[in-house]
Structure formats: structure tokens, C-alpha cells
Amino acid sequence: MSTYISEAHYSGSVVVDFIEVAVDRDTDVSGWQIEVYDGIGQHVATMSFPASIATEGGHDVYLFDKNVSGFPSLADSVSVAIVDDTGTVQQFISFHPDPFEAVNGSAAGTTPAYVGVSAGNGESVQSDDGGATYYTQTEENPGTIPCFAPGMMVECPGGPRAVETLGAGDHVLTREVGAQPVLWACRRSVVFTRADHSDRPVLVPEGTLNARRDLIVSGQHRLLFCAGAPGDEDLLIPAKACLGFRGIRQMRGQRQITWHHFALGAHHAVRVNGVWAESLLLGHVMMRGLPRRDRRFLERLFGDGTIRRSGRAPLNGPMAYRCLTPREGRAFLKARQPGGRRKIPVGPPV
């Protein structure tokens, strides 16, 4: 099924409940709606599609929650229908094993399909196979994913391209082996909530690390510092460890952003706004920050067609360069600030 409910959480609380819908990439969803039916088949709510929050695995992803007008609290007795702009029901599912036929609404006269599982406290139901089957999962705390802000210009064989325009099959220029194809690209909208601002974007100002214009990345994104003397080595350092180094700062006033990231067949350095930065390394911690659907897709994409159980080994590793921890990175840069023991090049060479 090309359009389906990919995940849903129903607890009876509008604050935490949600419905996630996956639609074929670039489908025009103007006029599409989500309809909710109660336990006796009565149509009780209709919601128009909001803006997509991500593009993953060839699907645009839409999130229906308390921020969407008309969103109701959900319970295990409800049924949910996806209705396109012609009034055709694309999918009609129920969270109850004995659902009622819809008596009105676009799905009138139709009995929804039971998802086959019941979510317990703190669980959601999710599908990784286009809505054919569902399973329960416990929501995990989000991990850390290196990302670029929209508008960042990535060096490509035909010239720089905005990161948000890149997709699977496009080629980017790497420092190590030249042009390489993008195998997976994703975008995700984030609202920043931490009081200490530690989740805010990091800005590398124009002129620092050879930046041709301001570079904005997530705090976890690693930047390449090239060897400045014989015996030194090229190192990748998290952006958040670079705060205070030559004007690199956190954008504390930023409230939300749409992040973009892309993975190549291996871990490489790519040039973005003039700065060498890492492509996405599909390591253990990063993978934990992705929805399970994306993890399974990537495990198949970078494996042999089966789900990998390879522990903590990166799917597209090894690392292109030695990666310092934030603490190591801060110590490395502190020693190279004015008055420190050694100098560091202003940025990786061309």
C-alpha cells in the first residue's frame, strides 16, 4: 500500500496521542483528509493534511496531533480512514478487534480492518510494510542525528546544491574519493524545548574554517580539522565542542528548524558552504534516534536484503577519520586558541 497509517498512539489523551501517515513522495495531498470514527461507527472528526514533517524511504510523512485543527483524543475503540481528494478511502483501520461498520462519513458502509495488535500503556502501533501488518513498540528517547539546516550548499559535480534538494541517486563530491551517490536522504522538523538551549543549532560564521557563508548544523554534526603539522592527523570534532572557537556559536534564539541529512555508501567528508563536514554515519547511537521503520529500511538498504543484527558496527562504516568526543574536542581546540600550546589551521585545505 502506497498510502498508509505508519504509526499511531492512542491513550485517550489529546496531549500525547498522534497519527502518522506515509504517502508516496511528492503526492499532492491538497484536499486529502483523515477521518476518525468512534466505537459504533459514527464519524466524529475530520482533519486536513498539515505540512509534511519528513521524507523517508520514498514517502512523505505527515503527523496529526494536538497541533492539527480538529484532532481528537484517541482510544482503542476508534477507527481511522485516509481519504483522498476524490473522496476515495485509501485505508481504513481500527484499533479494536471487533470494529463496527462506518454508518456515515466517507467510509460509510465499510468495516475497518483491525490492525491485529493492541498497544499497551506507553506503546504505539506501527507498520513497516506499507500497512499490511502492524506491531507494538515502546517509544524510545530520540537519539542524536547529525544534520544540516536548509539552504546549506553542498559541493556536487555540477556545482553547489542546496541540501534540501538532494535525494537518492544524486551525486555529491567527497574529499576522499570524489563523486559519490546519495543512497538515502531525510528531513525532519524539530521544535526546540530544552531550557539550557543545548539542543539548538550551531552556527559557523563566514570566514571560520574557510566557510564561504554561515554554516548551520546540529550540535552533533562533526566538522573536519585537517592536520596542521607533520605527525598530526585529520580529526572530526562535534560542532557543539567548537562553541567559542573563532566565533562559532549556538543559535539560542532558534525555536524550530527543519533538519536535512543524507547517507552515502560509506562515511566521507563533504564540502558544505566551504567547510568540510561529515556525511551521515549510520552508527548505533544515530540509528536509535530514527523511527523503527527507517532503521529497518536502512538495515536492508546497506545489508543483503535482510535485517542486520550487527550490534554497534556502523552500517556504512568505518569512520572516515578519527572522531573525537565533545570533551576531547574541547580540549583539542582549547590548546590551539590564542595563548594555547599549538596553532591549528583555520580550516581544511581545498
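What follows is a walk through a predicted model, beginning with one of its sheets and ending with a few backbone details.

The sheet is an open one with mixed pairing, and its five strands are arranged in the order 4-3-7-8-9. Its edges are strand 4 (43–48) and strand 9 (113–114), each of which pairs on one side only. Between these edges, strand 7 (residues 79–83) is paired with two neighbours: strand 3 (residues 33–37) runs antiparallel to strand 7 over five bridges, and strand 8 (residues 89–94) is likewise joined to strand 7 by five bridges in the antiparallel sense. Individual bridge partners help to fix the register, since glutamate 35 has alanine 81 of strand 7 as its partner, while serine 79 stands opposite serine 94 in strand 8.

How many of the five residues of strand 7 are buried? Five of the five are, so the strand is largely enclosed by the rest of the structure. In a regular strand, side chains alternate between the two faces of the sheet. For strand 7, this means that two sides have to be considered, and both are covered: Ser79, Ala81 and Val83 are buried on one side, and Val80 and Ile82 are buried on the other.

Following the chain onward, strand 7 and strand 8 form a hairpin with five residues between them, and glycine 87 in the turn has a positive phi of about 90 degrees. Strand 8 then meets strand 9 in the parallel sense, through two bridges, and here serine 94 stands opposite tyrosine 114 in strand 9. The loop between strand 8 and strand 9 holds glycine 105, which counts as partly exposed because its relative accessibility is 35%. When neighbours within four places in sequence are left aside, glycine 105 is in contact with Glu35, Tyr37 and His43. Glycine 105 and alanine 81 are 24 residues apart in sequence, and their C-alpha atoms are 9.7 Å apart in space.

Helix 3 (residues 326–334) offers another pattern of burial. Its residues Gly329, Phe332 and Leu333 are buried, and, seen down the helix axis, the buried residues fall within an arc of 90 degrees, so they line one face of the helix. In an α-helix there are 3.6 residues a turn, so residues three or four places apart point the same way. The buried residues of helix 3 pack against strand 18 (222–225) and strand 19 (235–238), whereas Arg327 and Lys334, on the other side of the helix, are exposed.

At the surface, Val14, Val15 and Val16 make a nonpolar patch of about 230 Å². Of these, valine 14 is placed in the loop between strand 1 (4–9) and strand 2 (18–24), and it counts as partly exposed because its relative accessibility is 32%.

Some loops also carry backbone details that deserve inspection. Two residues other than glycine have a positive phi: arginine 246, with a value near 50 degrees, and asparagine 273, with a value of about 55 degrees. Arginine 246 lies in the loop between strand 19 and strand 20 (249–250) and, at 35% relative accessibility, counts as partly exposed. Asparagine 273, in the loop between strand 22 (269–272) and strand 23 (275–278), is buried, with a relative accessibility of 4%. Finally, the peptide bond from glycine 317 to proline 318 is cis, with omega near 5 degrees, and proline 318 lies in the loop between helix 2 (292–301) and strand 24 (322–323).

Conventions: Residues numbered from 1 in each chain as written. Predicted model: local features only at pLDDT ≥ 70, side-chain atom pairs only at ≥ 80, totals over all residues. Heavy atoms only, no water. Buried < 20%, exposed > 50% of the residue type's maximum accessible area, 1.4 Å probe, protein only. Helix = DSSP H or I, 4+ residues; strand = E, 2+ residues; numbered from the N terminus. Pairing = 2+ DSSP bridges. Arc of directions from axis to C-beta. Contact = heavy atoms within 4.5 Å. Patch = residues over 30% accessible without salt bridge, like charges linked within 9 Å, V, L, I, M, F, W, Y side chains within 5 Å. Areas by Shrake-Rupley, 256 points an atom, 1.4 Å probe, with all protein chains shown as cover. Salt bridge = Lys/Arg side-chain N within 4 Å of Asp/Glu carboxyl O.
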